[in-house]
Amino acid sequence: METAHGYNKGLMAKKKTTRKALLSGNEALAYGAYEAGLGVACAYPGTPSTEILETLAKFPAIDAQWSVNEKVAYEVALGAAVSGVRSLFACKHVGLNVAMDPLMTSSYTGVNAGFVIVVADDPGMHSSQNEQDTRWVALYSKMPLLEPSSPAEAKEYIKEAFKISERYDTPVMVRVTTRVSHTKEDVLLKKRETVKKGKLEKNAAKYVMVPGHAYQRHIFIEKRLRKLASLSERTRLNRIESGDGKIGFITSSVAYQYLKDRYPDASYLKLGMSYPFCDEKIRAFAKTVKKLFVVEELDPFLEEHIKTLGIKFTAKDPSFRIGELNPELMPEIVAGRVKKEKKVVKRKPRLCAGCPHWASFAALKKMDAFVAGDIGCYTLACLPPTSALHTCVCMGAGVTFHEGIRKGGSKKKIVGVVGDSTFVHSGVTGLINAAYNQVKGVILILDNSTTAMTGGQQNPATGLTIRNEPTKKLILEDLCRACGADNVDVIDPMNVKAFAAILEKRINEDALSVVISRHPCRLIKRRV
Amino acid sequence: MNDKVYSITFGGIGGQGVLKASEICGWAALYAGYHIKKSEVHGMAQRGGSVESHLRFGKQVYSPLISTAGADYLVCFHHDEHPRLKGFLKKGGADLTASLDKVEAAVDNPRCVNTCLVGVLSTMLTIDQKCWMRAIETVFKKAVVAENKRIFRMGRDIGLS
């Protein structure tokens, strides 16, 4: 048996009979997909989803890649599924937004081999810029949605997802949350299934989405949804656990685990396939309990639908739609209370000692520049004592916000800031836009030669693949010149004086300049 | 195996090896045949911020999170974090912060405080010594296994003294 994790290599060697391992939800998803015969896996790193691809890359049988961004990852994985190989796309919730364009139409094309979208939401925003509930994407795109509540379930559900994908000709969403992704549980490891590859066939009516073809596929989708709804009624993923009948919970994901701790005698309808909804099962379950509660994390996804069924139940106060749930909140929700906002005094994250970003931002602070920021470790420069980053919305926006903010005509010095990985992710299109639209100003690429915030993944500008194998290296300075930047300077921000001088010079010129502030992340240095 | 679920809260700041400590315990519990749930934090929070890991094991564990006054043991690696974490401890639960100074004084390398404090903890749990050794072999790179076993035993001696 091939094993991915360093741990298990040791584990297996020592005792052949035990096949248990302590896996995180993300590792369990990877092992489950591997066992399901996965062939191709693509992602862009993003907490809490990063370890899915990192684990998959350890299996030589899987063609795994860090893609340039989520849209690219999605399309490569979908293409692989159309070619007949089981494939997977993994992302964090906001990463799914980047992939929405191919996602919506892939519901129409369907697949030729199993295609699974794993999306990790971040309730409580441990490491994210918003708290969106991606379950709505299943409803919006008319795709089935599975919601495991633990690592052991994640491993089992992802296998089911591949089967559903192939049986119903649809991409399948598997939605986890930080608390599922980053919980570890003992799980059983099994052998890899041998799956037959599909044949690549020309089928324009299915894969060329022009209006006429798409209309026909929309008819197919609506039929598929009805069939999937029928599956949702039958599947063991939607499980009734009969208790004493006094109170019953309809719940999904980790909220189920929190409830089980507090209300072990209650009845449960535990939804593992939460879309399409299993209306008949919900109705039948409601009849068996005296008092019914619907408890779910974040948005009222189940709640709003169950209301339309005309069933009487109690749901959480809207104040609990904000933030992560935990076992202590369960009695509060059941009692119908309003959430009390607690002030937790926690040590806040900050840039590491000796991080090159300190130097870059010290110069920006001295200039008193208005800094359009991006997503990365350097976003932490918004915090005191630096307080020198003034916007952060999404990846790539450091470049485009810079352009937009200039439109206001402010006399302030305006600088756009982006990382090396995020520049490649989606900053490059903004730079082309700026050049094309004759924008002037300074874009600072903070090139620490890694994707640091998510733990140091490779990207095209590092010249190494997900498996740390050498590959074509993207030369950022050449790319910036090709995009139309008038000046491109490469400088180490640790050369404090020279760095400040370059910035000052470029900001006062009537030109579009890129300054590449290049100094490797301290953490990758240490690893080598 | 009885129905008791053991809950241990680990805490400290990024870089102290909080997750490694809970990882050793998790594997030891796995080798002892328990069902395990262990929560962690990754990503942004690890950049020098507060790090917390909850470990629960027993015959059947549901919630991966420990509630206020729900931990049997509190393993804290930084005195600054203690005021925030002490609320997790049950009435009558064991607070290993008491051993932190002793452990810090005993080890030469501050990076080994985690393994040593886990050694102290091991004296309070009914997990077999063999399981702990196997856990250390699983969690650490080969080159540092022997050293960590030595430090773990040092922790055991502190725990038993």
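Three exercises with worked solutions follow, on a predicted model.

Residues are numbered from 1 along each chain as its sequence is written, and chains are lettered from A, ligands numbered from 1, in the order in which they are written. Local features need pLDDT of at least 70 and side-chain atom pairs count only at pLDDT 80 or more, while totals for chains, interfaces and linings use all residues.

**Exercise 1. Describe the surroundings of strand 4 (residues 87-92) of chain A.**

Step 1. Fix the terms. Strands (E, at least two residues) and helices (H or I, at least four) are DSSP runs, numbered from the N terminus. A buried residue has 20 or more other C-beta atoms within 10 Å of its own, with C-beta atoms placed from the backbone; 12 or fewer makes it exposed, and in between it is partly exposed.

Step 2. Check burial. Six of the six residues are buried, so strand 4 of chain A is largely enclosed by the rest of the structure.

Step 3. Split by face. In a regular strand the side chains alternate between the two faces of the sheet. Here A:S87, A:F89 and A:C91 lie on one side, A:L88, A:A90 and A:K92 on the other, and all are buried.

Step 4. Find the partners. Strands pair if DSSP finds at least two bridges between them. Strand 2 (residues 40-43) of chain A runs parallel to strand 4 of chain A, with four bridges. A:A41 is opposite A:L88 there. Strand 5 (residues 115-121) of chain A also pairs with strand 4 in the parallel sense, over six bridges. A:F89 has A:I117 as its bridge partner.

**Exercise 2. Trace the open sheet of seven strands.**

Step 1. Read the order: 1(A)-8(A)-2(B)-3(B)-1(B)-4(B)-5(B), with mixed pairing.

Step 2. Locate the edges. Strand 1 (20-24) of chain A and strand 5 (89-95) of chain B each pair on one side only.

Step 3. Cross between chains. Strand 8 of chain A and strand 2 of chain B run antiparallel, joined by three bridges. A:E185 stands opposite B:K37.

Step 4. Look within chain B. Strand 1 (residues 6-13) and strand 4 (residues 71-76) of chain B are parallel, with four bridges. B:I8 is bridged to B:Y73.

**Exercise 3. Analyse the side of chain B that touches chain A.**

Step 1. Count. Contact means C-beta atoms, placed from the backbone, within 7 Å. Chain B gives 28 residues and chain A 34.

Step 2. Assign. Strand 2 of chain B supplies the largest share, five residues.

Step 3. Classify. The chain B residues comprise ten nonpolar (Ala, Val, Leu, Ile, Met, Phe, Trp, Tyr, Cys, Pro), six charged (Asp, Glu, Lys, Arg) and twelve polar (the others, Gly among them).

Technical notes
Two residues are in contact if their C-beta atoms, placed from the backbone, lie within 7 Å.
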